[in-house]
Amino acid sequence: MTEQADNNPYTPHWSRKVAGGGTAWYVAGVTEPYSLAYGNPDPALFPTEGIEAAAKRVLADPDSAGIALQYGLVQGQPAFMDMLVEKLRTEGGISVTRDNIVVTNGASAAVGLAARALLDEGDVVLAEAPSFPGVLSVLKRAGADLRNLPMGEDGIDVAAADALIDSLLSEGARPRIIYTIPTFQNPSGRTLPEDARRALLVLARKYDLTIVEDDAYRELYYEADKGPLPTTLYALDTEGRVIRTGTMSKILAPGMRLGWAVAQPDIVRRMLLLKDEGGTSTFAQAVAVEYSRNGALAAHIRDLVADYRIRRDTMLDALDTHFPPELGATWTRPDGGFFVWMRLPPEVDQSALAAGARSVGVEYLPGEPCFAQSPATSGTYLRLAYSLLDTQKIEEAIKRLAGQVVDLRS
């Protein structure tokens with residue numbers, strides 16, 4: 001899952017009307033001084049020196065430089081895939097080989113390849129409501145007929161999903177894929193409990209569905225003292241129904257454009273036939289492998305967790321302080337990832353709030369693009385990202401946003 005500039009084919013186009021007519025587009029960068037709109041890592045946390053040193057080591061040896069600067073294998077470079085095999089084994093209890101992996105230009109590209117490999121035009125795909133608008137756009141371009149997948153407080157409402165699928169089948173619409181972000185979901189921050197994950201796999205078996213598990217944020221877990229995270233859907237799956245995607249964008253640097261899909265070998269082969277761009281950057285793969293040696297990547301992730309935990313706590317404390325109960329706001333309290341999902345009463349007009357927020361230098365992602373269809377419940381929804389700003393700016397942004405809500409409700 002990536003949040004990129006508009007010239008990337010896997011980027012959603014979130015538009016807003018501006019004074020005097022016309023449209024302004026959200027792009028990957030801060031357009032307001034207190035931007036909560038973008039789920040981007042903070043550039044101040046990039047391991048720039050370590051990446052630079054790794055790149056120099058790759059280029060210093062003529063043999064490794066010759067490989068790193070040459071066209072690469074469509075599936076991925078062996079050394080990078082081997083690194084992923086070990087990473088999946090040690091971090092997620094997932095036992096795979098190179099045959100289960102395809103390396104892609106970010107995780108959204110992996111989702112797009114999976115969708116193109118599995119879908120015919122007009123096939124029904126169930127996507128969490130809300131979900132990441134970038135991937136909703138990818139799925140639409142793959143020909144999917146997108147439908148809202150009901151969510152509860154902890155993620156997918158499996159019983160409601162069962163009833164929805166039964167209703168769709170009675171209408172002659174057969175779902176093919178469930179797209180889910182089960183861990184620190186974008187945009188809600190929710191994490192699906194393990195019993196619900198097992199129930200979701202039973203549901204997939206019942207209706208012969210494939211599950212695309214987008215796990216972009218799993219490493220960014222801020223509450224490890226509460227115990228381990230729920231097992232990944234891929235690790236729980238015994239029937240080959242799950243395609244799992246991942247990315248280096250949140251844990252290393254998004255500019256390296258390294259993502260992957262893990263699937264059954266027959267699905268990987270179908271995806272490779274559709275990978276029109278050929279091999280993903282051999283240089284980026286080589287640098288990532290070199291950087292990760294001797295535990296450097298794991299140590300960097302620990303540093304990220306420590307920093308982003310403080311930012312998450314700052315946002316939650318600011319929300320508690322500046323949004324008293326009388327404002328009627330509710331929000332999620334994520335255990336990891338980059339996002340808080342807020343719901344305001346329906347009488348808070350989204351357009352008026354967005355305009356007022358911008359007038360005081362604050363922006364956020366409106367909730368509308370996060371739904372494949374209109375949401376089942378009324379309200380004004382906001383995605384608030386805490387990954388890009390420092391703690392002082394997070395506090396100020398929430399204070400200013402709350403002031404706009406107070407003005408609209410007064």
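Contact here means heavy atoms within 4.5 Å, and the arrangement described below is that of a predicted model. In these terms, helix 6 (residues 158–170) lies across strand 5 (124–128), strand 6 and strand 9 (175–180). The direction of helix 6 is at about 160 degrees to that of strand 5.

The three strands beneath helix 6 belong to an open sheet of seven strands, in which the order is 4-12-11-10-9-5-6 and the pairing is mixed. The edges are formed by strand 4 (101–104) and strand 6 (145–149). Each of these has a single partner strand, so one side of each is left without a neighbour in the sheet. From one strand to the next, the twist averages 20 degrees. Strands of a sheet pair through backbone hydrogen bonds, in either the parallel or the antiparallel sense. Within this sheet, strand 11 (residues 242–247) and strand 12 (residues 259–262) run antiparallel and are joined by four bridges. Thr-247 has Gly-259 of strand 12 as its bridge partner. Helix 9 (residues 265–273) also packs on the sheet, where it touches strand 4, strand 11 and strand 12. Its direction makes about 30 degrees with that of strand 4.

Further pairing involves strand 14 (339–344). Five of the six residues of strand 14 are buried, so this strand is largely enclosed by the rest of the structure. Strand 14 pairs with strand 13 in the antiparallel sense over two bridges, and Thr-330 stands opposite Arg-343 of strand 14. Strand 14 also pairs with strand 17 (residues 380–385), again in the antiparallel sense, over six bridges. Here Trp-341 has Arg-383 of strand 17 as its bridge partner.

Side-chain charge pairing was examined next. The count comes to 25 salt bridges. One of these joins the side chains of Asp-42 and Arg-311, with an N to O distance of 2.9 Å. The pair links distant parts of the chain, 269 residues apart. Asp-42 lies in the loop between strand 3 (34–35) and helix 1 (48–60), and Arg-311 lies in helix 11 (residues 296–322). Both Asp-42 and Arg-311 are buried.

Helix 11 also contributes Asp-320, whose side chain meets that of Arg-333 in a salt bridge of 3.2 Å, N to O. Arg-333 lies in the loop between strand 13 (330–331) and strand 14, so the pair ties together parts that are 13 residues apart in sequence. Buried means under 20% relative accessible area and exposed means over 50%. Asp-320, at 40% relative accessibility, therefore counts as partly exposed. Arg-333 is likewise partly exposed, at 48% relative accessibility.

A further salt bridge is formed by Glu-347 and Arg-409, whose closest N and O atoms are 2.8 Å apart. This pair too links distant parts of the chain, 62 residues apart. Glu-347 is in the loop between strand 14 and helix 12 (350–359), whereas Arg-409 is in helix 13 (residues 391–409). At 34% relative accessibility, Arg-409 counts as partly exposed. Elsewhere, a network of salt bridges links Arg-205, Asp-208, Glu-239 and Arg-241.

Notes: Residues numbered from 1 in each chain as written. Predicted model: local features only at pLDDT ≥ 70, side-chain atom pairs only at ≥ 80, totals over all residues. Heavy atoms only, no water. Salt bridge = Lys/Arg side-chain N within 4 Å of Asp/Glu carboxyl O. Buried < 20%, exposed > 50% of the residue type's maximum accessible area, 1.4 Å probe, protein only. Pairing = 2+ DSSP bridges. Axes fitted to C-alpha atoms, helices over the stretch in contact; angles between N-to-C directions.
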